[in-house]
Amino acid sequence: RHPRDPPRSPAMASLFADVPMAAPVVVFKLSADFPYRTDEGQPWVLPVVRKVEAQISNDLTLNHEYLPILGLPDFTQAASAIVLSKDSAAIADNRVGGVQCLGGTGALRIGAEFLRRWYNGNNNKATPVYVSSPTWGNHNGVFGGAGFTDIRSYKYWDKCTRGLHMKGMLKDMEDAPEFSIFVLHACAHNPTGTDPTHEQWMEIAKVMKKRHLFPFFDIAYQGFASGDLDKDAWAVRYFVDQGFEFFCAQSFSKNFGLYNERVGNLTIVSKDHDNVMKVRSQMEVIIRTIWSNPPTQGARIVAKTLNDPQLFAEWKENVKTMADRVLLMRDELRKRLEKLGTPGTWNHITEQIGMFSFTGLNEAQVEYMIKTKHIYLMANGRINMCGLTTKTLDYVATSIHEAVTS
Ligand code: PMP
């Protein structure tokens with residue numbers, strides 16, 4: 001039916017009557033893509049963020065004019081510099097560009113939209129895009145939403161070893177058509193919490209180079225994974241050293257606790273300055289028709305923090321506070337399960353990185369946790385370590401024990 005056709009009957013009067021109800025967005029329903037929580041189970045505004053917010057609100061030279069389409073230059077430059085490092089050869093060569101986006105999601109979406117329009121043949125929506133199996137649920141949607149029609153998955157998680165499926169991953173890369181796009185979690189893989197080692201990244205880079213595969217990094221947890229910004233960016237920097245051209249979508253939602261401000265940056269690394277300029281010019285065209293220009297507050301907070309040595313040091317301390325709490329919860333949970341003698345191995349809990357842990361609980365066990373114990377985790381067994389506190393550890397450990405043994 002055409003929308004201008006007259007309604008079939010008065011009861012069918014809405015133009016939207018034929019719109020199907022979409023399924024709920026699972027992770028948001030469960031936990032709003034779970035933000036960090038303190039040991040009291042409360043949201044945490046980083047002290048450095050409070051301080052900078054106060055400075056901003058007292059600074060009468062600031063106003064609410066539009067930002068440039070590609071964002072606040074102080075922000076994009078500083079953001080690219082923390083992922084690539086200040087003394088990155090690519091920055092020195094002036095072949096890095098940043099684009100301020102609405103969160104990490106926006107950075108992925110703009111990168112994807114650009115690639116669909118301009119990469120590997122003009123408007124080539126059939127270029128395969130590979131995401132890890134499993135991956136953050138939104139990767140499929142974002143690349144699909146940008147128009148890609150061939151979204152595939154590459155092996156990542158090995159159920160048996162509860163670790164990385166390195167062989168399968170490399171084979172999928174070997175077998176992928178040349179110039180395929182590979183979405184890579186730079187650190188703290190969501191949902192498995194399992195990252196390649198440095199040696200494994202080296203092998204990955206080797207195969208990707210040989211097969212001319214395009215790396216699209218997603219870094220949503222820099223600093224949050226290990227407590228160390230440089231360590232968490234190791235893979236991205238290694239790809240620079242290896243001469244790749246790539247994109248990297250950065251999110252400041254987690255490491256600044258700025259979830260609702262939508263602060264993200266898309267870092268572009270290319271062969272030379274000219275190419276970066278061309279890419280950015282097309283991204284400007286894309287953004288103009290999507291959000292026109294980005295919001296200011298979050299980008300200002302991040303830019304001020306990253307560009308001031310004192311504030312930067314304070315921020316690193318704040319990030320470490322969050323990372324350390326997660327590491328402590330991992331240690332304590334593993335200790336308890338081992339003490340209880342819960343069947344299975346639990347070393348993966350401390351070996352995994354970042355906010356999430358793939359517990360290895362099966363669907364029936366997850367259902368038991370939710371229905372009987374009121375402990376909420378994803379159907380795939382992913383728990384959020386920030387949901388644990390010193391007060392709930394015992395209860396969670398004994399519940400897992402019961403779920404596994406009952
Ligand atoms: N990538 C991954 C892997 C994520 O986990 C998230 C957030 N859950 C994002 C991207 C998006 O982050 P943002 O909220 O900044 O859009």
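## A walk from strand E8 outwards

Start by selecting residues 246-251, which make up strand E8: six of its six residues are buried, leaving the strand mostly covered. Keep in mind that you are looking at a predicted model. Confidence is easy to check if you colour by pLDDT: the chain has a mean of 93, and 95% of its residues reach 70 or more. For the complex, the predictor reports an ipTM of 0.99 and a pTM of 0.93.

Now show the side chains of E8. Which residues point one way, and which the other? Phe246, Cys248 and Gln250 go to one side, Phe247, Ala249 and Ser251 to the other, and all are buried. That is the pattern to expect, because side chains in a regular strand alternate between the two faces of the sheet.

Stay on Gln250 and add the strands on either side. Strand E7 (residues 214-219) runs parallel to E8, joined by four bridges, and Ile219 sits opposite Gln250. Strand E9 (residues 263-269) is antiparallel to E8, with six bridges; there the bridge partner of Gln250 is Asn265.

Zoom out to the whole sheet. It's an open one of seven strands with mixed pairing, ordered E1-E9-E8-E7-E6-E2-E3. Strands E1 (96-102) and E3 (151-155) each have a single partner strand, so they stand at the edges with one side lacking a neighbour in the sheet. On average, neighbouring strands are turned by 25° against each other, direction ignored.

At the E3 edge, pick strand E2 (residues 129-133): E2 and E3 pair in parallel over five bridges, with Ser132 opposite Tyr154. Next, select helix H8 (residues 198-210), which packs on the sheet and touches E6 (181-185) and E7; its direction makes about 170° with that of E6.

Last stop, the charged pairs. The structure has 17 salt bridges. Try these:

- Glu314 and Lys51, with closest N and O atoms 2.7 Å apart. The pair links helix H13 (residues 309-340) to helix H2 (residues 47-58), 263 residues apart. Glu314 has a relative accessible area of 21%, so it is partly exposed; so is Lys51, at 37%.
- Asp150 and Arg152, at 2.8 Å between the closest N and O atoms. Asp150 is partly exposed at 23%, as is Arg152 at 31%.
- Glu367 and Lys371, at 3.4 Å between the closest N and O atoms. Both lie in helix H15 (residues 363-371), four residues apart, about one turn of the helix. Glu367 is partly exposed at 45%, whereas Lys371 counts as exposed at 61%.

Finish by selecting Arg109, Glu113, Arg116 and Arg117, which salt bridges with shared partners join into one network.

Definitions and conventions:
Residues numbered from 1 in each chain as written. Predicted model: local features only at pLDDT ≥ 70, side-chain atom pairs only at ≥ 80, totals over all residues. Heavy atoms only, no water. Buried < 20%, exposed > 50% of the residue type's maximum accessible area, 1.4 Å probe, protein only. Helix = DSSP H or I, 4+ residues; strand = E, 2+ residues; numbered from the N terminus. Pairing = 2+ DSSP bridges. Axes fitted to C-alpha atoms, helices over the stretch in contact; angles between N-to-C directions. Contact = heavy atoms within 4.5 Å. pLDDT = per-residue confidence, 0-100. Salt bridge = Lys/Arg side-chain N within 4 Å of Asp/Glu carboxyl O.
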